[in-house]
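Q: Please take one loop position in this model and look at it closely. Then place it in the chain around it, step by step.

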Amino acid sequence: MPRNAACTTPLFAVLIAAFAPVSATAANLNFCWIGAGGYTMTGRMQLPDDQMHAPIVTQDDVTRFKISGYYQGKFLGAWDMSQAAAGTTWHMRFDPQQMAFLTGGSFQGPHSQGWNANGDVIDCGSPGFGFNSGNYAQDICVNGTYIQASSIDPATPLMATFSPVTPDCSTAILTSKSPIRESGD
């Protein structure tokens with residue numbers, strides 16, 4: 001082998017490696033919501049690592065997002081952001097520094113969530129599943145129907161974790177704990 005060829009081959013390999021595209025890493029977060037009346041929801045979200053330093057992450061920043069709903073441990077349905085189409089409610093606000101979804105504000109404001117469920121919690125499709133956190137409550141929608149029995153206080157914290165979660169939320173950070181009380185209770 002000519003001497004020059006032997007010297008340039010390692011240099012060529014180093015140059016190729018230096019200019020090869022760098023694969024981006026992503027943060028995988030889980031969350032678990034405890035509603036009233038035996039209703040729970042689990043979720044998984046993926047976002048680019050650099051978004052973990054952003055002040056607020058929105059639906060436009062995540063690369064994957066999926067929720068699954070349960071009633072007394074029985075699967076009710078799921079929704080994945082890849083199912084979003086024109087007219088689908090998809091509004092998400094997340095504070096990565098606090099590992100918290102922003103809750104308790106007017107719908108589609110900076111402190112609300114709409115994951116396949118609008119402010120009336122009736123547009124999740126049939127079959128379908130959705131979650132809403134506005135200024136009235138945090139609650140779910142199943143097959144196009146608002147499930148009032150799932151409603152809890154709108155300002156209840158909803159936290160994310162790197163740890164796995166279970167449908168009963170027993171292995172997750174407790175995120176929700178008290179149902180909304182009707183007047184007179």
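A: Contact here means heavy atoms within 4.5 Å. The model is predicted.

Start with Thr103. Thr103 sits in the loop between strand E8 (100-101) and strand E9 (113-115). Is Thr103 buried or exposed? The cut-off for buried is under 20% relative accessible area. Thr103 counts as buried because its relative accessibility is 13%.

What does Thr103 touch, apart from neighbours within four places in sequence? Its contacts are His111, Ser133, Gln138, Pro154, Ala155, Thr156 and Leu158. With Thr156 there is also a polar approach: the side chain of Thr103 comes to 3.2 Å from the backbone oxygen of Thr156. Some of these partners fall in named strands. The range of strand E10 (129-133) takes in Ser133. Gln138 belongs to strand E11 (residues 138-142). Leu158 belongs to strand E13 (158-161).

Now step back to the whole chain. The protein chain has one helix and 13 strands. The helix comes before the strands, as the pattern α-β-β-β-β-β-β-β-β-β-β-β-β-β shows. Of the 185 residues, 44% are buried. Among contacts with a separation of 6 or more, 50% are between residues 24 or more positions apart. The accessible surface is about 9,900 Å², and carbon and sulfur atoms hold 56% of that area.

Next, the sheet. Strands of a sheet pair through backbone hydrogen bonds, either parallel or antiparallel. Eight strands form an open sheet with antiparallel pairing, in the order E3-E7-E8-E13-E1-E2-E4-E5. E3 and strand E5 (74-80) are the edge strands, each pairing on one side only. In this order E8 stands beside E13. E8 is also the strand before the Thr103 loop. At the E3 edge, two bridges connect E3 with strand E7 (residues 93-95), and the two run antiparallel. Within that pairing, Val57 faces Phe94 in E7.

The core comes next. The largest nonpolar core holds 30 residues. Met45, Phe65, Ile67, Met92, Phe94, Phe101 and Trp115 have the most contacts inside it. Phe94, opposite Val57, is thus also on that list. Elements that give two or more residues are E1, E2, strand E4 (64-71), E10, E11, strand E12 (145-152) and E13. Take Ile67 as an example. Beyond residues up to four places away in sequence, Ile67 touches Phe31, Met41, Thr42, Gly43, Gly77, Ala78, Trp79, Trp115, Phe129, Gly130 and Phe131. Trp115, one of the Ile67 partners, is itself among the core residues with the most contacts.

Two disulfides turn up in a search of the whole structure. A disulfide is a covalent bond between the sulfur atoms of two cysteines. One joins Cys32 to Cys169, with 1.9 Å from S to S. The pair spans distant parts of the chain: Cys32 lies in strand E1 (residues 26-34), Cys169 in the segment after E13, 137 residues apart. The torsion about this S-S bond is about -80°, so the disulfide is left-handed. Cys32 is buried because its relative accessibility is 1%. Cys169 is buried at 1% relative accessibility.

The other joins Cys124 to Cys141, with 2.2 Å from S to S. Cys124 is in the loop between E9 and E10, and Cys141 is in E11, so the pair ties together parts 17 residues apart in sequence. Here the S-S torsion is about -75°, so the disulfide is left-handed. Cys124 is buried at 4% relative accessible area. Cys141 is buried at 0% relative accessibility. Counting bonded cysteines along the chain, the pattern is 1-4, 2-3.

Finish at another loop, with Asp49. Asp49 lies between strand E2 (39-48) and strand E3 (57-58). Is Asp49 buried or partly exposed? At 32% relative accessibility, Asp49 counts as partly exposed. Not counting residues up to four places away in sequence, Asp49 touches Thr25, Ala26 and Ala27. Thr25 is 24 residues away in sequence, with 5.9 Å between the two C-alpha atoms. A polar atom of the Asp49 side chain lies 3.2 Å from the backbone nitrogen of Ala27.

Compare the two loop residues. The Thr103 side chain reaches a backbone oxygen, that of Thr156, whereas the Asp49 side chain approaches a backbone nitrogen, that of Ala27. Thr103 is buried, whereas Asp49 is partly exposed.

Conventions:
Residues are numbered from 1 along each chain as its sequence is written. This is a predicted model: local features need pLDDT of at least 70, side-chain atom pairs count only at pLDDT 80 or more; totals for chains, interfaces and linings use all residues. Side-chain values use heavy atoms; hydrogens and water are left out. Helices (H or I, at least four residues) and strands (E, at least two) are DSSP runs, numbered from the N terminus. Buried means under 20% relative accessible area, exposed over 50%, partly exposed in between (1.4 Å probe, protein chains only). Accessible areas come from the Shrake-Rupley method with a 1.4 Å probe; for residues, only the protein chains shown count as cover. A polar contact is a pair of N or O atoms within 3.5 Å; within protein, one must be able to donate a hydrogen and the other to accept it, and residues adjacent in sequence count only if both atoms are side-chain atoms. A disulfide is a pair of cysteine sulfur atoms within 2.5 Å. Two strands pair if DSSP finds at least two bridges between them. A nonpolar core is a set of buried Ala, Val, Leu, Ile, Met, Phe, Trp, Tyr and Cys residues joined through side-chain atoms within 4.5 Å.
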